[in-house]
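Hello,

Here is the structure for your ligand work. Please open it alongside this email.

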Amino acid sequence: MSAPIAASSGAPFAKLLSVASFVPSRVVDNAEMCTWIDSSDEWIQQRTGIVERRWVGEGESVETMALDAGRRAVEKAGIEASELGAVIVSTVTYYHQTPSLAARLAHRLGTLGAAFDISAACAGFCYGLAQAEALVRSGAARYVLVIGVEELSRFTNIHDRGTAFLFADGAGAAVVGPSETNGIGPVVWGSDGSQADAINQTVEWSKALAGSETPYIQMDGRAVFKWASGFIADAAKDVLAKAGLAPEDLDVFIPHQANNRITDAMLRALKLPEHVVVARTIKQFGNNSAASVPMAMDALLTSGEAKSGQTALLIGFGAGLVYAGQVVTLP
Ligand code: ACO
């Protein structure tokens, strides 16, 4: 008989210890947007809720945004960066295929922990959170830094009427650590690769490198809208059910900031009571994909609209098509 292999054992539960974000400096309002596309401030506000979006300014990049948000999340968590057992970065807009942004950030933050990037688009932060929770509970890591960061402006065709007004930049980060009580509910996640072309890159890298075509992110807005306001709204209900909670148990709802009308459809499906605070940061930030959920969480906590210890439902969804959601206790 072969010798038994020792199994790892970790914390009984995991929780969010902190959240932080980086808001890029360049404000692009709808008036400026309409110098590039045939649209109007009124149309953009009515159809999406966006008044202005943030794009990177001078000296800002995927790496600087992620480093800033990550560093502050570690400080707020009250731990040393060297205690991070893993750094997970979700992004679809980093400039290098390899090595990962996470490995560079781990070094710059000051940890030799495991480091890897994930590509789960607008569901990326919630995908990362699910992995962090599992790593802490399995004992593979005691503290995990999860970062969602995007520089979508670099991959946005500013003349594309279907995407230019939506996409934005930013970073959000959170530290997950051990807990005696549960602070992160079961993840509900999945994918539907049959709809891979609903949001994709216009030109694959091999062709982009060989020619002069710039790869942009393009989208079948109507298809994504239908999927998000139907299937994803139902998935949000599953997230609550898996956490063993009813709508009235929630204090805060933080959906991916894709479109206020999608958020409204989810609210109708979830039948959330009036007291639930709903994230609407798309108004000033736009849709910054993997960064949107942690940025919205940080903004609600900073403004005082949400409070530490409250119960929040998170859900992200996007290119893949992929989705992930969980209920958390706010840090
Ligand atoms: N400005 C003015 N009018 C426009 C624009 C524009 N930018 N774009 C389209 N229109 C017009 C169309 O021509 C059409 O006119 P018509 O009725 O005369 O034919 C009308 O507006 C409606 O067009 P739709 O394409 O049906 O517009 P819709 O209401 O679907 O809104 C939008 C478009 C905002 C993109 C929406 O489909 C959407 O939000 N989709 C989901 C996006 C999303 O959730 N993405 C998440 C993942 S991607 C990521 O996060 C990175």
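Below are notes on the ligand site, then on one residue.

This is a predicted model: local features need pLDDT of at least 70, side-chain atom pairs count only at pLDDT 80 or more, and totals for chains, interfaces and linings use all residues. Residues are numbered from 1 along each chain as its sequence is written, and side-chain values use heavy atoms, leaving out hydrogens and water.

**Ligand site**

The ligand has 23 residues around it (a heavy atom within 4 Å of the ligand). S39, R47, C122, R222 and N287 come nearest.

Three polar contacts stand out (pairs of N or O atoms within 3.5 Å):
- S39: a polar side-chain atom lies 2.6 Å from a ligand nitrogen atom.
- R161: a polar backbone atom is 3.0 Å from a ligand nitrogen atom.
- R222: a polar side-chain atom lies 2.6 Å from a ligand oxygen atom.

On its own, the ligand has 1,000 Å² of accessible area, and the protein covers 75% of that (Shrake-Rupley method, 1.4 Å probe).

Helix 7 gives the largest share of the shell, four residues (helices are DSSP runs, H or I, of at least four residues, numbered from the N terminus). Domain 1 (13-179) and domain 2 (188-329) each supply at least three shell residues; the domain bounds come from an automatic or database assignment.

**I217**

I217 sits in strand 10 (residues 217-219); strands are DSSP E runs of at least two residues. Is I217 buried or exposed? I217 is buried, at 15% relative accessible area (buried means under 20%, exposed over 50%, partly exposed in between).

Regards

How values were computed
Polar contact = N/O pair within 3.5 Å; in protein donor to acceptor, adjacent residues only side chain to side chain. Buried < 20%, exposed > 50% of the residue type's maximum accessible area, 1.4 Å probe, protein only.
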